[in-house]
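User: I am new to this structure and would like a close look at a single part of it, the open sheet. Please take me through its strands, what packs against them and how they sit in the rest of the protein.

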Amino acid sequence: MDEADRVAPLLRCDGVRVRFGSIVALDDVSFTVPQGQIVGIIGPNGAGKTTLFNCINRLYDVERGDIRYGDTSLLSMPKHRIASIGLARTFQNVALFATQTVLQNTLTGAHTRIDAGFMSAALGYPLKRAEERIADEAHSILSMLELDRVANRLVADLPFGTRKRVELARALMTRPRLLMLDEPAAGLNHSEVEELRELVRGLASRLQLTVLLVEHHMQFVMQLCHKVVALVFGKCIAEGTPSYVQNHPEVMRAYLGGAE
């Protein structure tokens with residue numbers, strides 16, 4: 001048993017099957033994400049990686065199987081509650097409000113924990129003070145991600161790598177336990193990839209996060225993750241330490257063009 005698998009799982013996929021018409025996108029996929037670990041999902045284009053993310057986020061429906069977050073089945077939970085229980089996600093194609101500032105985009109991540117002032121009023125706690133606390137938290141996250149200098153800049157005016165950090169800041173504002181990163185290194189140059197790897201590792205340690213990421217950049221995954229899951233044609237073909245998965249015969253065939 002791998003060291004990662006001796007840690008209690010925060011997320012568990014059991015026999016997940018997804019079909020789009022006659023196409024089976026995920027075929028009985030099972031794996032665990034141990035609490036406090038960084039887990040990477042790899043696979044060629046069309047392997048089902050983003051489909052799997054969309055199932056965990058409840059954007060797609062599951063035909064068969066279960067996805068459990070702790071002791072809770074995500075499939076039995078209303079979709080709008082997913083973010084409020086501690087799951088946050090970034091997207092492969094950055095999804096930000098281009099005409100808003102970095103700070104404004106970051107603040108939108110707090111919407112899941114702001115009750116329209118009712119509890120503040122009931123407790124005699126001025127809403128303004130609550131808003132100030134949220135703003136202070138946003139500034140702290142921006143500083144952590146080295147975005148404080150561009151806090152008042154419009155997102156549309158920023159380079160792609162910086163926009164990806166803004167999306168990460170917004171996700172952290174939800175105070176997640178599980179942070180899901182979809183292709184975080186895509187579109188970044190070599191130095192930006194190196195910086196991102198250290199950033200994710202530092203955030204996971206500092207904020208006690210469990211991280212699940214989908215990524216094509218193999219070196220990024222192998223140097224960052226405690227555990228790797230490999231998908232090919234919707235099937236999980238390997239799961240374990242980076243070295244185990246990297247040297248797995250089926251994984252090597254898939255990446256060298258010999259997978260059937």
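Analyst: The open sheet has six strands in the order 6-7-8-3-9-10, with mixed pairing, where strands are DSSP runs of E of at least two residues and helices are runs of H or I of at least four residues, both numbered from the N terminus, and where two strands pair if DSSP finds at least two bridges between them. Strand 6 and strand 10 (235-240) stand at the edges with a single partner strand each, so one side of each is left without a neighbour in the sheet. From one strand to the next the twist averages 15°, with axes taken as lines fitted to C-alpha atoms, for helices over the stretch in contact, and angles running from 0 to 180 degrees between N-to-C directions.

Some care is needed with the source: this is a predicted model, in which local features need pLDDT of at least 70 and side-chain atom pairs count only at pLDDT 80 or more, while totals for chains, interfaces and linings use all residues. Residues are numbered from 1 along each chain as its sequence is written, and side-chain values use heavy atoms, with hydrogens and water left out.

One end of the sheet can be followed from strand 6 (residues 87-89), which pairs with strand 7 in the parallel sense over three bridges; here Leu87 stands opposite Leu178 of strand 7. On to strand 8 (residues 210-214), strand 7 is joined by five bridges, and these two strands also run parallel. Leu178 stands opposite Thr210 in strand 8, and the bridge partner of Met180 in strand 8 is Leu212. Between strand 7 and strand 8 the chain passes through helix 6 (residues 190-206), and this β-α-β crossover is right-handed, that is, with the strands pointing away from the viewer, the path from the first strand over the helix to the second runs clockwise.

Strand 7 (residues 178-182) is mostly covered, with five of its five residues buried; buried means under 20% relative accessible area, exposed means over 50% and partly exposed lies in between, using a 1.4 Å probe and protein chains only. In a regular strand the side chains alternate between the two faces of the sheet. Both faces of strand 7 are covered, with Leu178, Met180 and Asp182 buried on one side and Leu179 and Leu181 buried on the other.

Helices lie against this part of the sheet. Helix 5 (residues 160-172) lies across strand 6 and strand 7 and runs at about 155° to strand 7. Helix 6 also packs on the sheet, touching strand 3 (38-42), strand 7 and strand 8, and its direction makes about 140° with that of strand 3; contact here means heavy atoms within 4.5 Å.

Towards the other edge, strand 3 and strand 9 run parallel and are joined by four bridges, with Val39 standing opposite Lys227 in strand 9. Strand 9 and strand 10, in turn, pair in the antiparallel sense over five bridges, and Leu231 stands opposite Cys236 in strand 10. The hairpin that these two strands form has two residues between the strands, and Phe233 takes a positive phi near 50° there.

Strand 9 is mostly covered as well, since six of its six residues are buried. Lys227, Val229 and Leu231 point one way from the strand, and Val228, Ala230 and Val232 point the other way, all of them buried. Val228, which lies in strand 9 (residues 227-232), counts as buried because its relative accessibility is 0%. Outside the residues up to four places away in sequence, Val228 touches Gly40, Ile42, Val221, Met222, Ala238, Glu239, Gly240, Pro242 and Val245. Val228 and Ile42 are 186 residues apart in sequence, yet 7.3 Å apart in space, C-alpha to C-alpha.

For the wider setting, the protein contains nine helices and ten strands, and buried residues make up 49% of its 260 residues. Of the contacts in the protein with a separation of 6 or more, 69% are between residues 24 or more positions apart.
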